[in-house]
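This report covers selected strands, two buried side chains and a chain-to-chain interface. The sequence and the coordinates are shown first.

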Amino acid sequence: MIDEIARLTEDAERGAAAASGLDDLQAVETSLLGKKGAVSGIKRQLGGLDEDDRKRIGRALHEAQQQVQSILTARRDELSSAARRESLASERMDLTEVRPGHDAGHLHLVTQVIEELEDVFVGLGFTVAEGPEVEDDWHNFTALNFGEHHPARDMQDTFFVALGGPREVVMRTHTSPVQIRVMTDQPPPIYSIMPGRVFRNEATDSTHLAVFHQLECLVVDEGITFGHLAGTIEAFIHAFMGEEYSIRLRPSYFPFTEPSAELDVQRPDGSWLELGGCGMVHPNVLSNCGIDPERWSGFAFGFGLDRLALARYGVADLREVMSTDIRFLSQF
Amino acid sequence: MKTLLSWLQEFAPFPDDPDLIGDTFTRLGTPVEEVTHLGDEWDGIVVARVEGLREHPNADKVQLVDVDAGDGPIQIVCGAFNMAVGDLVPLATVGTTMPGGMEIGRRKLRGELSNGMLCSSRELGLSDEHSGIRVLDVSSAPGTPLADALGVVRDVLWDLEVNPNRPDAMCVAGLARDAAAALDLPFTLPDPKVTPTGSAAADALTIDIADPDLCGRFGAWVLRNVSIGASPGWMQRRLLALGMRPINALVDISNYVMLELGQPNHPYDLGLVPGGGLVVRRARAGEQLETLDGVVRTFTTEDLLICDAEQHPVGIAGVMGGASCEISATTTDVLLEMAWFQPWAVSRTSRRLGLRTEASARFEKGCDPQVIPLAAARFCALAADICGATTAPGAVIAEGELPARPPVRTRTARVNALLGTDLSADQIRAELEPIGFSCAAAGDDQDVTVPSWRYDCEVEIDIVEEVARHWGYDRIERRALTKERTGRLTPTQKTRREVRRLLKSQGLAEVMPLPFLAPGDLERCGLEPVGIELRNPMVAEESILRTSLRPGLLAAAALNESRRSAGVAFFEIGHVFLPAPDGQLLPDEREHVAVLLAGREAPAAVEAWLVLADLLRVEAPAVTNESLPGLHPGRSATATVAGSAVGVVGEIDPGVLEAYGIGERVAWVELDLGALLHGPRRPESARPVSRYPSSDIDLAFDAPDVISAIDVERTLAGTDPLVWSVELFDTFRGEQLGEGRRSLAYHVRLQADDRTLTDEEVAAARTALVAAAESEHGVTLRG
């Protein structure tokens, strides 16, 4: 019986070494440790022994069984890690082949600059107002103090829309009609900006577009002065472009502001950018909107966005704003 | 408006400091567009005498020229052969930058050194002549600067931008007045002396203003014994510098006076004006006149004409004279007209005729009616000096309606309240009086009389602007806004940004094509041709307002495919313009969002819509299968929110794609963003997640194709409160189901908040769901 016990570990070692897979090993385990296996067979014989022998041989059997168990476990680990290695090797991928199904997408340059400007102005305490692109004469011109004979109403500048009278409906020529809508819709104080698309009946070339974008800023409150206009523009330019940029206002003319000014920005290298126009809201404009100009005063400034949007990426030709070529658009 | 330093200096002692003067103009609102230093462009070019001509040893297209430029002979290699020994020629010395920008260096040509360049007229910028070297007809010594040899007067020329509110800046004197005030220099106008002789002007002519509303003043002077030759060089130089071509002495004087004093004027050949007089009247409809430029123009009753006493038109008031009375070499007697015309009327006529002249540009800003006598005297004095003319005593001046210019009450407090300054009444007056505004104290305020050359100034705010302009915009202290307030985007603006971000993150590129369409574009897209037209489009291809984003995006896809970029994925958010609703003037303008997926099929469009709907939390987003115009009839659907249409999804009709030359399939979504944002949205409240296990059941139905999967889904979702979610996970068609049928398989997750469901509860729910689907939709559970 002792011999039989001694053979258990030999059989285990031989069987484990011969097993080429987990299934073979399972068969070896069953033959040695299973219900009908060798260990069980020896255990059944123990009942016929005296107590001392039973204890001695039982102990030897237990040790042998433990040894068998550890031999098989060691071999199982060997075999299963080999199997995992094989399976992992078969699953190898070349991860350099991977490309996304699509890229991160692209917002239009004008959208990017509008959103950035909106964020700057929201940070400065402004709300954002919007209005229609097709306007009536009153909002686009009359309420803005354009005289009946003002040249800007001319056929050369304005797209007239075939609605109403011959010159009654226009493609808005600026975002200023939104000022009128804001001032007629809500009482002061007003702190708003108006970004949007505008239209001019002009031949398109590298520096002119018939359809382009503007942003205006309007403040109407008690005690607003030209000093606030200059200070607000300065704060905006510092926030948008950087503290190293400075501004200059010089006298100009717009029907809807007085005093009016051109807004120039000086770059850190000393060169000037003619950004846009500004001024104190003309008292006639306030009156036209039902706001008492003796109590309330305000300022407005505005500028074109397309050039700013393109300049960021060094695009010189304004016509690229309208480009639908994906090779252009996908760069931004 | 252009002006010269030397001319400005006739009105005020301006220093020879072009930078200071240019900067002053810019600060005063007449910005310098260009400054030119006249005479400097020939720096480095000198007179040289040809001393010898020799053959080039290695070339026969050029020769060697020995010239003396003051320092003894130097050798030049020259390609021209038109000069002879002894000729004086212009030499650009080494180091010179030519007017065209070329730099002259010392260089070897075929082995021979050239120490400069002899110049043609074209190289000097004098004319287009380039067949030979310019041989000079001067007697200057070699080495004399060419500019001095040719008598070029060194001067500074500014080109200034003038705004509509600065009629005074349309002449040299006006610019001088404004700048002199800013630089604190005394300003004086000329005081021409005229000695009238002969019979009075009134004996020779009469003036009648028939339409005084359009002509405020009309003066006529008579000059006799005029001899017409060329004007003197100094006058020609100034006219040329300011952009006017010299014609003859009298016409040049006319232009000179206009440029100097801002008063347009017109000399007629008195002998050619029948009837001895002029009438100013509105044109009769269809009346015609040949103007000085040789064009026959036709008028309406809105135009003002100058007519002879026999009512024949001889000029368009304030715009251009007629050809019939033009000054010629044989003119001896001259009728000089100086008038004030209604600015808007001149502007209207000028624009209608498309005829903009130096005169109309001044009249439409508003001329100075009080400068007329001075301008006439200046004209007559110059004509006496230059043309030997005598001036008839007296002027014939007819008065119409001039605008009344009452003093403007200017409140000191108002000035400061608008500008943010703390100016006293005296300080305000000190800014205004040097530019001709006179101030009379009225308590703390002032009554300001506007000078006659400032037609634009009418009300207090105009005076405030003048104070600010001369006080200096940069001297006004910049202040921060102090009112407490909160900046924010509206919910719509925030959501629009989210929509953009979502579409972008799916790899789409945002485009902004032109919103104007060509006739036929809408039909080509299968849409109704109801686009509103522009009355005055730039070109017919851009003459119709879009009613849909489809034409622009399809054109974009076609363009990219033609440039070998297939499979583009675009989106656009933009306005479309539907016909104006009854009783409204403006169109029904809406904001649409569109998605175009080239190379993709209809399901991609539906997915895009449903993801967008999920983002926007719209209530019960769905699609309703429907054949829609311009879309594939079997692959299009209406996008709905809570049963209401908000847009279309599907695939572009193959016929439309063919019309656009697009070879790929194109998935399409176009939604009314406003309808989405303002339609019903899911409440922003959370449903608690149960702590108990859920139970899943799968239900596959045999369903006819005409039954919408989403309707079955909605029934499953809405029948039993235990249903937490329903997901369509498989569809298939096959022979075993038969033609026109397919299988729809749903995962249904059942869930109670307060307990684990029992097998019986799950079975009961399953039975109820199957019964509901079968009874409502005519589908059958597959075994």
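In β10(B), D155(B), L157(B) and D159(B) point to one side, V156(B), W158(B) and L160(B) point to the other, and all are buried (under 20% relative accessible area, against over 50% for exposed and partly exposed in between; 1.4 Å probe, protein chains only). In a regular strand the side chains alternate between the two faces of the sheet. The strand spans residues 155-160 of chain B, and six of its six residues are buried, so it is largely enclosed by the rest of the structure. Helices (H or I, at least four residues) and strands (E, at least two) are DSSP runs numbered from the N terminus.

The model is predicted: local features need pLDDT of at least 70, side-chain atom pairs count only at pLDDT 80 or more, and totals for chains, interfaces and linings use all residues. Residues are numbered from 1 along each chain as its sequence is written, chains are lettered from A and ligands numbered from 1 in the order in which they are written, and side-chain values use heavy atoms, with hydrogens and water left out.

**Strand pairing in chain B**

Two strands pair if DSSP finds at least two bridges between them. The pairings of β10(B) and β29(B) are listed here.

| Strands | Sense | Bridges | Residues opposite each other |
|---|---|---|---|
| β1 (2-4) and β10(B) | antiparallel | three | L4(B) and L157(B) |
| β2 (32-38) and β10(B) | antiparallel | six | E34(B) and D159(B) |
| β26(B) and β29(B) | parallel | two | E510(B) and F571(B) |
| β29(B) and β30 (588-598) | antiparallel | ten | I573(B) and V593(B) |

Nine of the ten residues of β29(B) are buried, so this strand is largely enclosed by the rest of the structure.

**Two buried residues**

W609(B) lies in helix α18, residues 602-616 of chain B, and is buried with a relative accessible area of 0%. Its side chain reaches the backbone oxygen of A622(B) at 3.1 Å. Beyond residues up to four places away in sequence, W609(B) touches, among others, V618(B), P621(B), V646(B), V669(B) and L676(B) (contact means heavy atoms within 4.5 Å). T640(B), also touched by W609(B), is 31 residues from W609(B) in sequence and 10.0 Å away, C-alpha to C-alpha.

E651(B) belongs to strand β33, residues 644-652 of chain B, and is buried with a relative accessible area of 1%. The side chains of E651(B) and R635(B) make a polar contact at 2.8 Å. A polar contact is a pair of N or O atoms within 3.5 Å; within protein, one must be able to donate a hydrogen and the other to accept it, and residues adjacent in sequence count only if both atoms are side-chain atoms. Leaving aside neighbours within four places in sequence, the contacts of E651(B) include R600(B), E601(B), H632(B) and R665(B).

**Interface of chains A and B**

In the interface, 80 residues of chain B are in contact with 89 residues of chain A. The two chains bury about 7,100 Å² between them, 58% of it on carbon and sulfur atoms; buried area is the accessible area (1.4 Å probe) that two parts lose on being put together, summed over both. In chain B, R478(B), M512(B) and R535(B) lose the most area to chain A, together 11% of what that side buries.

The rule finds eight salt bridges across the interface (a side-chain nitrogen of Lys or Arg within 4 Å of a carboxyl oxygen of Asp or Glu). E234(A) and R478(B) form a salt bridge at 2.8 Å, N to O. Between the chains, 43 residue pairs are in polar contact, both at pLDDT 80 or more. On the side of chain B that touches chain A, α15(B) supplies the largest share, seven residues.
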